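Here is a short report for a reader meeting this structure for the first time. Please look over the sequence and the model before reading on.

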Amino acid sequence: MAEISASLVKELRELTGLGMMECKKALSEAGGDLRKAEELLRIKSGAKASKAAGRVAAEGVIGSFVSPDGKLGALVELNCETDFVARNDDFLAFAKALAETAARRDPGPGEEDRRQKLVQKIGENITIRRHKRLQAKGRLALYVHAGAKIGVLVDFEGADEVGKDVAMHIAFAKPRHLSRSDVPPDVVAQERKIQEARARESGKPAEIAAKMVEGALNKFLGEISLMGQPFIKDDKQTIEKMLSAKKAKVNAYAFLVVGEGIEKPQPAH
């Protein structure tokens with residue numbers, strides 16, 4: 001039987017939110033395969049899908065820029081080792097300059113040179129991790145949340161308040177896709193497979209089990225797509241219905257969360 005490490009159990013607990021013993025048992029059943037164990041837990045316990053976007057595990061800020069005409073924007077994740085440095089004026093100025101550069105082109109040798117000089121000056125490791133650029137069909141709304149730990153850009157058409165509201169919603173709900181039609185077929189197929197396995201385990205008649213699968217699949221697609229999510233300011237309507245009521249439209253969006261997917265080293269006891 002595969003040796004199950006404590007770190008692997010911890011990672012599965014973070015992905016599923018389930019107990020240590022449940023996670024250890026699932027990993028043993030899956031022969032130490034993390035993804036297979038996660039799937040087993042979701043079938044047996046109805047554990048939620050992985051929400052890596054909620055796992056903030058490194059320090060830094062999201063630098064942001066929107067052009068004066070609201071047509072071009074960019075977000076950049078700039079990481080450092082401590083939150084103290086994340087509030088440093090030179091560090092923040094670099095993040096802002098990086099975002100303005102990233103709106104026009106990818107960061108290059110000039111930005112790398114500035115990064116190295118900042119490392120020497122501050123004395124911490126600093127990395128330019130990633131960036132996202134958005135060219136608007138309509139105009140851009142920008143929302144920066146939680147000490148610049150989350151940055152959102154929304155390409156929208158309609159009243160200014162709609163752009164701001166949708167950007168705030170995205171910062172909270174972190175949708176993986178714009179609409180359910182944008183969800184890749186393999187993701188849909190995998191979720192269907194999980195829900196079919198859960199329906200079989202329920203022991204319900206085939207007709208009821210089939211309805212359970214379709215209902216769960218629709219719920220899943222709504223949860224991961226912006227248009228299907230309940231609006232944070234009024235959860236009785238979806239984002240799609242809110243936009244329709246306000247005669248507004250969202251063409252695209254982009255967001256970054258500081259430290260998403262990075263494991264922060266645990267302090268030694």
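Does Lys-219 count as buried or exposed? Its relative accessibility is 55%, so Lys-219 counts as exposed. The cut-off for that label is over 50%.

## Overview

This is a predicted model. The protein has 10 helices and eight strands. Along the principal axes, its C-alpha atoms fill a box of roughly 60 × 55 × 30 Å.

The protein holds 269 residues, and buried ones make up 42% of them. Among contacts with a separation of 6 or more, 63% come from residues 24 or more positions apart.

## Where Lys-219 sits

Lys-219 belongs to helix 9, which covers residues 206-224. Compare its position with that of Ala-146. In sequence, Lys-219 and Ala-146 are 73 residues apart. In space, their C-alpha atoms are 29 Å apart.

## An open sheet

Three strands form an open sheet. Their order is 1-2-3, and the pairing is antiparallel. Strand 1 (59-66) and strand 3 (127-135) stand at the edges. Each has a single partner strand, so one side of each lacks a neighbour in the sheet. From one strand to the next, the twist averages 15°.

Strand 2 spans residues 72-80 and is joined to strand 3 by eight bridges. The two strands run antiparallel. One residue to look for is Gly-73, whose bridge partner in strand 3 is Leu-134. In a regular strand, side chains alternate between the two faces of the sheet.

## Helices 5 and 6

Helix 5 (residues 89-104) lies across strand 1, strand 2 and strand 3. Helix 5 runs at about 140° to strand 2.

Helix 5 also meets helix 6, which covers residues 109-122. Two packed helices are described by the angle between their axes and the distance between the axes. Here the axes come within 11 Å and cross at roughly 170°. An angle over 145 degrees counts as roughly antiparallel. Helix 5 and helix 6 are therefore roughly antiparallel to each other. On the helix 5 side, the contact includes Phe-91, Phe-94 and Leu-98. On the helix 6 side, Arg-114, Arg-115 and Leu-118 are among the residues involved.

## Strand 8 and its partner

Strand 8 runs over residues 249-257. Seven of its nine residues are buried, so strand 8 is largely enclosed by the rest of the structure.

Strand 5 (residues 150-157) is joined to strand 8 by eight bridges. These strands run antiparallel. Ile-150 stands opposite Val-257 in strand 8.

## An aromatic pair

How many aromatic pairs does a search of the whole structure find? It finds one. A pair of aromatic rings is described by the distance of the centres and the angle of the planes. The rings of Tyr-253 and Phe-255 have centres 6.3 Å apart and planes at 10°, so the pair is stacked. Planes under 30 degrees apart earn that label.

Both partners lie below the cut-off for buried, which is under 20% relative accessible area. Tyr-253 has 16% and is buried. Phe-255 has 12% and also counts as buried. Phe-255 has a further neighbour. Lys-132 lies over the face of its ring, at 5.7 Å from the ring centre.

Methods:
Residues numbered from 1 in each chain as written. Predicted model: local features only at pLDDT ≥ 70, side-chain atom pairs only at ≥ 80, totals over all residues. Heavy atoms only, no water. Phe/Tyr/Trp six-rings, centres within 6.5 Å; stacked < 30°, edge-to-face > 60°. Buried < 20%, exposed > 50% of the residue type's maximum accessible area, 1.4 Å probe, protein only. Lys NZ or Arg CZ within 6 Å of the ring centre and 35° of its normal. Pairing = 2+ DSSP bridges. Helix = DSSP H or I, 4+ residues; strand = E, 2+ residues; numbered from the N terminus. Axes fitted to C-alpha atoms, helices over the stretch in contact; angles between N-to-C directions. Contact = heavy atoms within 4.5 Å. Parallel < 35°, antiparallel > 145°, perpendicular 65-115°, else oblique.
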